[in-house]
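Below is a colleague's note on the structure, set out as numbered points. It takes up helix packing, an internal cavity and some backbone details.

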Amino acid sequence: MNKLTQRLALCGCLIGMALVFDSVAQPVRKPATFLLDATLLQANKQKIRQGDPAMTAARQALLTAADQVLTRPAHSVMEKSKTPPSGSKHDYMSVGPYWWPDTTKPNGLPYIRKDGQINPERSAIVDETYLKNLCDDVPTLALAYYYSDNEKYARRAAERLRIWFLDPATKMNPNLNYGQAIPGITEGRGIGLIDSRGLANLTDAVQLLQGSKAWSQQDHRALQGWVQQFMDWMLTSPIGKDEEDEHNNHGTYYDVQTVAFALFLDNRALARQMLEQKTMKRIQTQLKPDGSQPHELARTLSWNYSIMNLKGFFTLAQLAETVGVDLWKYQTPDGKSIRKAYEWLVPYARQEKPWTFQQIKPLHYEEFAPVQAVASQKYGTSAAGSARDTGLFALTHSLL
C-alpha cells in the first residue's frame, strides 16, 4: 500500500469513526470544531453506539493509527543544528525548497531558483518537518480521544502541544520571521507562511480535546494566547503582510490560517471580515471565468498546485459555513467561482482530457479524490463524487 493509499484510508477512518457504548451511555457530545463537520462526527459516533459495523471497523482503524502515533517522539524547535539570525532557537527556521547553490559562483551564493525541484539541503533544518508531523499527529490523537474517550490519546496530544507551543524551555516563538530563507538573498520571506498552513487543522483538532482531563482550560487559554500573538504577527508584520498580498496559493492559505485562528479565538467577526474582504477578492484575482487557475498553471508542478489551491478554497468554504458565509455558491460579478474551478479540473481528473500544462513530476490523478468527495456533498450528484470518498477532504488538510 503506497503512502497516498494509506493516507486516504486513514482519512476515511478519521471522519467516520466511533466507539461502541452501552445503552446507559451519556448523550454523544457535539464537538465545537470548525473544519471537521461536528454534526457528522456526532452522528457517526451515535451510529457506533447503535452497532453500525462499518463505523465500528473505522473506529478500530483509527485507534490502530493513533496507537502508532503514541510511539512517535515529541520534538521542538530547539532541536535544529543551526541557530536563526535572532540568536534564539525558539524562532522557527526553514529554507526555501526550490533554491539551489549557483554553481557558477565559488561559494554558491546567492542561491538560484529551480521551481519544483527540492534542494535536499532543506532537510538539514528540521523545524518544517517537525511542525508538519505535529499538525498530522495531534488531529489523529484528538479524534481517537473523541471517539474512544480514552485519556491516553488526549494526554499524548496535550504533551505534544505543550512542548511545541507552551513550555518555556522548548516553545516556538509566535512568528515565522525566518521561514523559507534563501542563502545569500534573504533571512526570511512572507511565503514562509505556507509552512504553517497545517496549524489551521491543528487548532480545529484541539477543540476535540476540550473536556479531557489532560487538556485544562488553562492549557486552552495559553494556546489561544500563542495563536493570538501569531495571528497578530501575521496581520501586522512586514513579512505577514507580504504573504497576505500574494495572488496564488500562498494568499489562499494565508486566509485559511487567519480565518481558522479567528474562529479558534472565538472572533467570528474577524473571520467573517477576512472572508468577505480578502477571500472573495482572491476568487476574483486567482481564477478565470472558465475556472482555470493561471497562477498555479504557470508552475512546473501545475497539477499539484492547482489541486492544492483548490483545496485551500474548499477549506475556506468549510470555515465560512461557521459564520454564515456561503462560498460554495458564491460568484464574482463576472461569474468566477470555486465551483467552476472544481468543474474545470474534473475532466482532467477523469482522464477524459490530457493534462497539457507543465508537470515535471509524475501526475497522480487520485490526489483529486478528496476534493471530489466534498464536491459530491456540496454540489450534488452532478459533481461526480463517490460515496466512499465523502468527507475525505477535511482530513487531507491536516494537510495542511
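1. In this predicted model, Leu199, Thr203 and Val206 of helix H6 are in contact with His220, Leu223, Trp226, Val227 and Phe230 of helix H7. Sorted by class, the residues of this contact between H6 and H7 are six nonpolar and two polar, with no charged residue among them.

2. As to the geometry of that pair, H6 covers residues 199–206 and H7 covers residues 217–236, and the two helices pack at an angle of about 155 degrees with their axes 12 Å apart. Because angles over 145 degrees count as roughly antiparallel, H6 is therefore roughly antiparallel to H7. The crossing of H6 and H7 is left-handed.

3. H6 also packs against helix H9, which spans residues 249–264; the axes of H6 and H9 come within 9 Å and cross at roughly 20 degrees. The angle falls under 35 degrees, so H6 and H9 are roughly parallel to each other. Here too the crossing is described as left-handed, with H6 passing H9 in that sense.

4. Which residues make the contact of H6 with H9? From H6 they are Leu199, Ala200, Thr203 and Val206, and these meet Val256, Ala260, Phe261 and Phe264 in H9. The class division for this contact is seven nonpolar, one polar and no charged residues. Leu199, Thr203 and Val206 of H6 thus appear in the contact with H7 and also in the contact with H9.

5. Further along the chain, helix H12 (residues 302–321) and helix H14 (residues 369–379) pack at an angle of about 40 degrees, and their axes are 11 Å apart. Since this angle lies outside the ranges counted as roughly parallel, roughly perpendicular or roughly antiparallel, H12 and H14 are oblique to each other. Their crossing is left-handed.

6. On the H12 side of this contact are Ile307, Leu310, Lys311, Phe314, Gln318 and Glu321, while H14 contributes Pro370, Val371, Val374, Ala375, Lys378 and Tyr379. The contact of H12 with H14 comprises eight nonpolar, one polar and three charged residues. The charged residues of this contact include Lys311 and Glu321 in H12 and Lys378 in H14.

7. How many cavities of 30 Å³ or more does a search of the whole structure find? The search finds one, and the volume of the largest cavity is about 30 Å³. Its lining consists of His75, Tyr130, Asn133, Leu134, Arg160 and Trp164. The elements giving two or more residues to that lining are helix H4 (127–148) and helix H5 (151–166), and the largest share, three residues, comes from H4. By class, the lining of the largest cavity holds three nonpolar, two polar and one charged residues.

8. Two points of backbone geometry may be worth checking against the displayed model. A cis peptide bond joins leucine 109 and proline 110, with omega at about -10 degrees, and proline 110 is placed in the loop between strand S2 (99–100) and strand S3 (112–113). Aspartate 149 has a phi near 60 degrees, which is a positive value in a residue other than glycine; aspartate 149 is located in the loop between H4 and H5, the two helices that give two or more residues to the lining of the largest cavity.

Note on methods:
Residues numbered from 1 in each chain as written. Predicted model: local features only at pLDDT ≥ 70, side-chain atom pairs only at ≥ 80, totals over all residues. Heavy atoms only, no water. Axes fitted to C-alpha atoms, helices over the stretch in contact; angles between N-to-C directions. Helix = DSSP H or I, 4+ residues; strand = E, 2+ residues; numbered from the N terminus. Parallel < 35°, antiparallel > 145°, perpendicular 65-115°, else oblique. Left-handed = near helix turned anticlockwise from the far one by under 90°. Contact = heavy atoms within 4.5 Å. 1 Å grid on protein atoms, 1.4 Å probe; cavity = no way out; pocket = protein on both sides within 12 Å on 5 of 7 lines; lining within 4 Å. Points joined across faces, edges and corners; volume = space filled by probe spheres on them.
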